[in-house]
Amino acid sequence: MGFLALLLVLGAGVLTFSRLKPGAASWSLAPEAAARGEETMPRPAAVGRVSANHADAEELCTVKGIGPKLAAAIIDERERNGAFRYWEDLICVRGIGEKSLRKLEGQLGLP
């Protein structure tokens, strides 16, 4: 019974955030709010990171440790096998091992 109450409270909170006016101090989780032009919260994984799933070679080269060859390898792997679903999938890219994966962790994201 306690779990159901928690879900109801969380649901009410989401509804409250979705009804905020543009320019309000808070954000909205509701996609329909974004469609109306209201503020939405950016996805934290994307902030300050280059997306391994969407970036072109030029964007990938802005990441420390990624040069033109590695950028091309990332794009090639992505085109052959689809988007990277898990961070560890980047090890499949020729030229990325566990050590280099740790170095890229704060700069490269998957969204």
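A patch of positive charge on the surface brings together Lys64, Lys99, Arg102 and Lys103, where a patch is made of residues with over 30% relative accessible area and no salt bridge, like charges being joined within 9 Å. In this reckoning Lys and Arg count as positive and Asp and Glu as negative, while His and the chain ends are not counted, and the place of a charge is taken as NZ of Lys, CZ of Arg, CG of Asp or CD of Glu. Accessible areas come from the Shrake-Rupley method with a 1.4 Å probe, and for residues only the protein chains shown count as cover.

The model is predicted, so that local features need pLDDT of at least 70 and side-chain atom pairs count only at pLDDT 80 or more, whereas totals for chains, interfaces and linings use all residues. Residues are numbered from 1 along each chain as its sequence is written, and side-chain values use heavy atoms, with hydrogens and water left out.

One member of the patch, Arg102, lies in helix 5 (residues 98–104) and is exposed, with a relative accessible area of 57%; exposed means over 50%, buried under 20%, and partly exposed in between. The chain holds 5 helices and 2 strands, these being DSSP runs numbered from the N terminus, of H or I with at least four residues for helices and of E with at least two for strands. Along the sequence they follow the pattern α-α-β-α-α-α-β, and of the 111 residues in the chain, 27% are buried.

Side chains of opposite charge can pair when their charged atoms come close. In the whole structure there are 2 salt bridges, a salt bridge being a side-chain nitrogen of Lys or Arg within 4 Å of a carboxyl oxygen of Asp or Glu.

| Salt bridge | N to O distance | Separation in helix 4 |
|---|---|---|
| Asp76 and Arg80 | 3.1 Å | 4 residues |
| Glu77 and Arg80 | 2.9 Å | 3 residues |

Together Asp76, Glu77 and Arg80 are linked in a network of salt bridges. Helix 4 covers residues 68–81, and Asp76 and Arg80 are separated in it by about one helical turn. The surroundings of these residues vary: Arg80 is exposed at 54% relative accessible area, Asp76 is partly exposed at 37%, and Glu77 is buried at 10%.

As for the cysteines, Cys61 is partly exposed at 31% relative accessibility, and Cys92 is exposed at 53%. With a disulfide taken as a pair of cysteine sulfur atoms within 2.5 Å, the count comes to 0 disulfides.

Methods. Patch = residues over 30% accessible without salt bridge, like charges linked within 9 Å, V, L, I, M, F, W, Y side chains within 5 Å. Buried < 20%, exposed > 50% of the residue type's maximum accessible area, 1.4 Å probe, protein only.
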